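Reader: Can you walk me through how the labels on this model are earned? I'd like the cut-offs too.

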Amino acid sequence: MLDTIVVGSGLAGSAFALKMLEEGAEVIVFENGSQQASNVAAGLYNPVVLKRFNMTWQGQMLMQTSLPCYRKYEAILGQQLLEELRIFRRLASVEEQNNWVTASDQPGLSEFLNPKCLPNRNPQIDAPFGFGELLGCGRLHTTAFLKAFRKLMKDSARLREERFDHKQLQINGDTLLYKDIKARHIVFCEGFGMRQNPYFSYLPLQGTKGEYLIIEAPDLKEAAAIKAGMFLLPLGDDHYQFGATYNWKDQNPEPSKAAREELLLKLDKLIYCDYKIVEQTAGIRPTLPDRRPLVGRHPEYNNLYTLNGFGSRGVLLAPYASQALFDLIHKGSNLPPEMDLSRFK
């Protein structure tokens, strides 16, 4: 008898399964590679909405709780996953410079915003009004994290690399049966794929497609991540990731010509130097109309749960939401109402 079946091994499924292992509970993870949002994500973490210079939902608390969790994951997985990284917000006018300075004096924001606007010192970047600098932020190497997690699960015979067939799940009171597996609970961490889950398809999960370009630009020589509508993220060896787009209508998981044109148009307005396109990637983020996570227990079946809806804030939300769901299942704690799926009928 296993404690929990976890379906999906993106940021949500990986964080929850690691939490279970930390607590000594046995899990088995299903992953078929159909959802790519976590794999292609830039992995930047910061608690500030850089469009409006205000705090995200629970931003300060997420920074305090989620980053220590990744340090634990580093110890479990045996490799460094977090990278401190300077993050600059390109300022578009004198008014934005003033707004940045004003925001940096606000409670909560002051520890994350450098009050001094920095001049642009890179001749290959268009930033005549300089930058605002984020403090204490950085990047999770998401691809390395997910790869290391899946290897750990595979090496310990806890990973099934196959599609989960919802029709074969049998619910017998407090016991779940799936093929040769008997378990007490199942947590669906399927991302946008939850739209095909017959138990949770009633929830208003939306798909927001995001696409990135990977470029090679030897003359750019930029070490900071720069937010200028989209993010320009250094990857090393003169390679950079640029994106992402936000498309609420296109739910085709493959890269698109329209997104490529949009990305190139914005990239050419940001940098002056020549570059070569190496790759274009795409993924569909699971989002909700109220932009809050989707976590909780099925209204009819007490041992079915979902952990989903992290959108573009998955790095910070995954450990926090995983802890909240674990506490619901094993301690009977209440979920924060903003993320509890019971808000949708």
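Reader: What makes the reach of α7 close to the one expected?

Author: α7 has 18 residues and spans 24 Å from first C-alpha to last, against an expected 26 Å. The expected span is 1.5 Å times one less than the number of residues. Helices here are DSSP runs (H or I, at least four residues), numbered from the N terminus. The model is predicted: local features need pLDDT of at least 70, side-chain atom pairs count only at 80 or more, and totals for chains, interfaces and linings use all residues. Residues are numbered from 1 along each chain, and side-chain values use heavy atoms, leaving out hydrogens and water.

Reader: Why is α7 called mostly covered?

Author: Buried means under 20% relative accessible area (1.4 Å probe, protein chains only), and 15 of the 18 residues in α7 are buried. α7 (residues 314-331) also gives the largest share of the largest nonpolar core, eleven residues. That core has 69 residues, with Phe 16 and Leu 325 among those with the most contacts inside it. A nonpolar core is a set of buried Ala, Val, Leu, Ile, Met, Phe, Trp, Tyr and Cys residues joined through side-chain atoms within 4.5 Å.

Reader: How do you know whether α1 and α3 are roughly parallel or roughly perpendicular?

Author: They pack at about 75°, axes 11 Å apart. Angles of 65 to 115 degrees count as roughly perpendicular, so α1 and α3 are roughly perpendicular to each other. Their contact (heavy atoms within 4.5 Å) includes Leu 18 of α1 and Tyr 73 of α3.

Definitions and conventions:
Axes fitted to C-alpha atoms, helices over the stretch in contact; angles between N-to-C directions. Helix = DSSP H or I, 4+ residues; strand = E, 2+ residues; numbered from the N terminus. Parallel < 35°, antiparallel > 145°, perpendicular 65-115°, else oblique. Buried < 20%, exposed > 50% of the residue type's maximum accessible area, 1.4 Å probe, protein only.
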